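Hi,

Here is the structure I said I would pass on. Have a look at it first, and my notes follow underneath.

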Amino acid sequence: MSLTKVYSFETNDKVSQALGEFIAQASSESIARNGRFTIAFSGGSLPATACKYLRNNQNIDFSKWYVFFADERCVKLDSHDSNFRLVREELLDYLVQQNRSIPADQVMVINDDLIHEPAKVADDYLVKMQSVFAEANKIRFPEFDLILLGIGPDGHTCSLFPKHPLLEVKNDWVASIDDSPKEPPQRITLTLPVVNHARRVAFVVTGAGKKSTVKAILDEKNTHMPASLVAPIKGDSYWFLDDAAAKGLTENTPTEFKL
Ligand SMILES: O=C1O[C@H](COP(=O)(O)O)[C@@H](O)[C@H](O)[C@H]1O
């Protein structure tokens with residue numbers, strides 16, 4: 001049975017430190033087991049929190065990393081709205097400076113020539129996923145070593161929004177959306193079954209503004225919130241919170257609280 005482990009820290013900086021260690025450990029275990037580490041990043045506030053300490057961790061073999069995006073906005077890669085741009089600025093550029101780059105062909109970005117046709121962006125991204133998860137013909141879903149997830153105040157995660165038909169997708173690996181309630185409206189996203197086949201998922205949520213959302217998901221199991229539908233079949237779920245985001249949780253939350 002999969003476990004949910006909730007860790008809360010006094011400050012955002014302490015969340016970054018602990019998360020950096022957690023990702024480094026997941027990377028080492030995955031590389032020892034399988035010779036590589038497959039990770040998907042969300043956008044928004046997550047890359048800054050996740051990468052602050054990660055990029056200086058000298059124990060990580062970044063040459064074995066395969067980087068994907070849990071969701072991506074259909075915008076140019078240098079746009080302010082691009083999730084890739086955030087990860088480039090928070091991680092990839094630093095690694096270049098340190099001569100520890102992740103090989104460019106192991107960073108799976110969208111084809112931004114196709115951004116006006118999100119369905120084509122999703123089709124192209126599927127081919128990229130299949131090229132890494134080469135066992136594509138034999139497996140139903142890829143098994144990411146780690147998917148890093150954010151949540152919005154409405155409980156959305158990836159680009160899976162409340163009451164949206166994409167929540168019903170059962171077979172696809174990646175899907176497009178034209179009507180995201182949050183700007184920009186055109187995006188692609190990993191689907192719920194892919195998220196739920198990951199070996200580990202880690203939610204990263206900070207700030208008092210997300211307190212009631214965290215409580216609704218973890219304490220109240222509010223299934224109108226897409227993040228509540230994340231339940232890895234074989235892997236575990238981890239929540240990295242700061243105390244401000246964790247404040248609404250009660251002793252009823254069925255989880256571990258400290259690292
Ligand atoms: O639009 C998005 O929002 C969520 C949450 O972002 P945050 O800034 O509130 O942390 C993010 O996880 C997702 O990747 C992004 O595309």
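**What I found**

Asn99 is exposed, with 6 other C-beta atoms within 10 Å. (Exposed stands for 12 or fewer other C-beta atoms within 10 Å of a residue's own, buried for 20 or more, and partly exposed for anything in between, with C-beta atoms placed from the backbone.) Asn99 sits in the loop between helix 3 and helix 4, and its phi is positive, about 55°, although it is not a glycine.

Before going on, two notes on the model. It is a predicted one, where local features need pLDDT of at least 70, side-chain atom pairs count only at pLDDT 80 or more, and totals for chains, interfaces and linings use all residues. Residue numbers start from 1 along each chain as its sequence is written.

Helices (H or I, at least four residues) and strands (E, at least two) are DSSP runs, numbered from the N terminus.

Back to that loop between helix 3 and helix 4 (118-132): Pro103 is found there too. Pro103 is exposed, with 11 other C-beta atoms within 10 Å. Its C-alpha is 8.5 Å from that of Lys64, and the two residues are 39 apart in sequence.

Cys158 has a positive phi as well, near 50°. This residue lies in the loop between strand 5 and strand 6, but it is buried, with 31 other C-beta atoms within 10 Å. For background, most residues other than glycine have a negative phi, and most peptide bonds are trans. One cis peptide bond to look at joins Glu183 and Pro184, with omega about -15°. Pro184 is in the loop between strand 6 (174-177) and strand 7 (187-190).

Now the helices. How do helix 1 and helix 2 cross? The axes of helix 1 (residues 12-34) and helix 2 (residues 46-54) come within 7 Å and cross at roughly 65°. (Axes are lines fitted to C-alpha atoms, for helices over the stretch in contact, and angles run from 0 to 180 degrees between N-to-C directions.) The two helices are therefore roughly perpendicular; the classes are under 35 degrees for roughly parallel, over 145 for roughly antiparallel, 65 to 115 for roughly perpendicular, and oblique for the rest. On the helix 1 side, the contact includes Asn12, Val15 and Gly20, and on the helix 2 side Lys52, Tyr53 and Leu54 are among the residues involved. (Contact means that the C-beta atoms of two residues, placed from the backbone, lie within 7 Å.)

Gly20, in helix 1, counts as buried, with 20 C-beta neighbours inside 10 Å. Leaving out residues up to four places away in sequence, Gly20 touches Lys52, Tyr53, Leu54 and Asn57.

Helix 2 also meets helix 3 (residues 83-97): their axes come within 9 Å and cross at roughly 20°. That makes this pair roughly parallel. Pro47, Ala48, Cys51 and Leu54 of helix 2 meet Leu86, Val87, Glu90 and Leu91 of helix 3.

Which residues of helix 2 are buried? They are Leu46, Pro47, Thr49, Ala50, Cys51 and Leu54. Their cover includes helix 1, strand 2 (37-41), helix 3, strand 5 (146-149) and strand 8 (200-205).

Finally, Leu148: setting aside neighbours within four places in sequence, its contacts include Leu46 and Ala50, along with Ala40, Ala202 and Val204.

Cheers
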